[in-house]
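Visitor: I should like to learn how pockets, surface patches and salt bridges are read from a model. May we take them in turn?

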Amino acid sequence: MVQPSQSNPANNSDITVLESQIRECYGRVVWTHKTHEKCADIYAAQLKADKTTEIVLSALTTTSLLTSIFVAKRWGIIIGTLLSTVLLGVTIYAKDYDLGKISKSHADTAVKLWSIRESYLSLLTDIKLNNLTLNQIQVKRDELQNQLASVYQNAPRTNSKAYDKASQALKTNEEMTFSDEEIDKFLPNDIRRKQSQP
């Protein structure tokens, strides 16, 4: 296929085809970004719950053993031993699965995907403004696909629970959607679509 020159814009049907592909890519990046965010949240919450469990088990174990010493009750030793065994299991689990590291890996991936997501959005905006040639659009698309491939190559695997939470966030909670009024609240009055009256 003959590429248009840098100075001549492509015909509308060629651009429409490319725009459709880029919109599809944008949609996938939005979902993947949100899924990694939710994965990071899930693992961070699990880490917090595990640490809280360890603290509670440690406190109960210590209390049971101290009770057995000062009150001379055998049940304190039995309960303390059982709690200590459970605490050991939780500690071994936490050692084998570094939830903090996993959470950070997902958060780091989400940050990289956010940048690419915003670049796709900017590219779609430039296409709508009709100021790019077909070749320029293809070059930008290919650059973004290469960046995306690099991020995906090093990204941790997501899970179905995070995907479900991302689906809820995007479809029901509309976390990626703002009304004009909501956006205006973030902006100075001079650049709002609907300026407030003094």
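Guide: We begin with a term: a helix is a DSSP run of H or I, at least four residues in length, and helices are numbered from the N terminus. Please note also that this is a predicted model.

Visitor: How is empty space found, and which residues line the largest pocket?

Guide: Rolling a probe the size of a water molecule over the atoms shows where empty space is left. In this structure, the largest pocket has a volume of about 160 Å³. Its lining consists of Tyr 26, Arg 117, Glu 118, Leu 121, Glu 175, Met 176, Phe 178 and Ile 183.

Visitor: Which helix gives the most to that lining, and what classes of residue does the lining have?

Guide: Helix α3, residues 99-129, gives the most, with three residues. By class, five lining residues are nonpolar and three are charged, while no polar residue takes part.

Visitor: What forms the nonpolar patch on the surface?

Guide: A patch is made of residues with over 30% relative accessible area and no salt bridge. Here Leu 66, Ile 69, Phe 70 and Val 71 form a nonpolar patch, and together they have about 450 Å² of accessible area. Leu 66 belongs to helix α1, residues 12-71. With a relative accessible area of 41%, Leu 66 is partly exposed.

Visitor: How many salt bridges does the model contain?

Guide: A salt bridge requires a side-chain nitrogen of Lys or Arg within 4 Å of a carboxyl oxygen of Asp or Glu. By this rule the count is eight. One of them joins the side chains of Lys 128 and Glu 19, at 3.5 Å from N to O. This pair links distant parts of the chain, as Lys 128 is in helix α3 and Glu 19 in helix α1, 109 residues apart.

Visitor: Is Lys 128 buried or exposed, and is Glu 19 buried or exposed?

Guide: Lys 128 is exposed, because its relative accessibility is 62%. Glu 19, at 13%, is buried.

Visitor: What separates Glu 24 and Arg 28 along helix α1?

Guide: They are four residues apart in helix α1, so about one helical turn separates them. Their salt bridge has its closest N and O atoms 3.5 Å apart. Glu 24 is partly exposed at 47%, and Arg 28 is partly exposed at 46%.

Visitor: Which residue forms a salt bridge with Glu 118?

Guide: Arg 117 does, with the closest N and O atoms 2.7 Å apart. Glu 118 is partly exposed at 26%, whereas Arg 117 is buried at 6%. Elsewhere, salt bridges that share partners join Lys 34, Glu 37, Lys 38 and Glu 175 into one network.

How values were computed. Residues numbered from 1 in each chain as written. Predicted model: local features only at pLDDT ≥ 70, side-chain atom pairs only at ≥ 80, totals over all residues. Heavy atoms only, no water. 1 Å grid on protein atoms, 1.4 Å probe; cavity = no way out; pocket = protein on both sides within 12 Å on 5 of 7 lines; lining within 4 Å. Points joined across faces, edges and corners; volume = space filled by probe spheres on them. Helix = DSSP H or I, 4+ residues; strand = E, 2+ residues; numbered from the N terminus. Nonpolar A, V, L, I, M, F, W, Y, C, P; charged D, E, K, R; others polar. Patch = residues over 30% accessible without salt bridge, like charges linked within 9 Å, V, L, I, M, F, W, Y side chains within 5 Å. Areas by Shrake-Rupley, 256 points an atom, 1.4 Å probe, with all protein chains shown as cover. Buried < 20%, exposed > 50% of the residue type's maximum accessible area, 1.4 Å probe, protein only.
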